[in-house]
Amino acid sequence: MEKREIRVQVRHRIASLSEEQREQASRLIFEQVASLPDFVGARVVALFSSLPDEPCSQQFLQEWHGRKRIVLPRVEGDVMNFYDYSPKQMQSGAFGIDEPQGDTPCPPEEIELMVVPGVAFTLDGKRMGRGKGFYDKYLSQSGFRATTVGVCFAVQMVDNLPDEPHDQRVDIVVNG
């Protein structure tokens, strides 16, 4: 099956979830992330501002802001950089996603754990995003060495995904 077809199927599965199911799954997912030894030991954690069809990260951002250094992505042209999260300095950016407005990006080598959204995942860490390659580009940088945690609803898990040379796997997949 082609990536486009998988994206359509998975979007339909997500749309079939009620708001309550998404909220409950989001809580479960981020509780699991918080209990990971790599998260517990990390000082700098990269998260994301969630879109409506992704596990909701807002409560997790609020809970961990000030307890860990949290950085979020900002799309700048055809690349993505991570900036310090401050609830008061967020603006709608590329693709309608809330983005941090800091001046200095966090160097990739400082990030110790990155929570990565996606459209679909496999148990062995294959990930399919929305098709622009922002995370694949970021994860393939020479200085990046963080543990990567893919997060998704259980309906986003698939048996297999097409593999391309530029695709980057995640180390751990957490679903709920």
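**Notebook: the second pocket and helix α2**

I looked up the second largest pocket and found that about 210 Å³ of space lies in it. The model is a predicted one, in which local features need pLDDT of at least 70 and side-chain atom pairs count only at pLDDT 80 or more, while totals for chains, interfaces and linings use all residues. Residues are numbered from 1 along each chain as its sequence is written, and side-chain values use heavy atoms, without hydrogens and water.

I noted that a pocket is an open set of points on a 1 Å grid over the protein atoms alone, where a 1.4 Å probe fits, with protein on both sides within 12 Å along at least five of seven lines, and that lining residues have an atom within 4 Å of a point. The volume is the space filled by probe spheres set on the points, which are joined across faces, edges and corners.

I then read the lining, which includes Glu23, Arg27, Cys56 and Trp64, and saw that α2 (19-35) gives the most to it, with six residues. Helices here are DSSP runs of H or I with at least four residues, strands runs of E with at least two, numbered from the N terminus.

Turning to α2, I listed its buried residues (under 20% relative accessible area, 1.4 Å probe, protein chains only) as Ala25, Ser26, Ile29, Phe30 and Val33. They cover an arc of only 125° around the axis, taken from the directions to the C-beta atoms, and so lie on the same side of α2. On the face turned away from that side I found the exposed residues (over 50%) Glu20, Gln24, Glu31 and Ser35.
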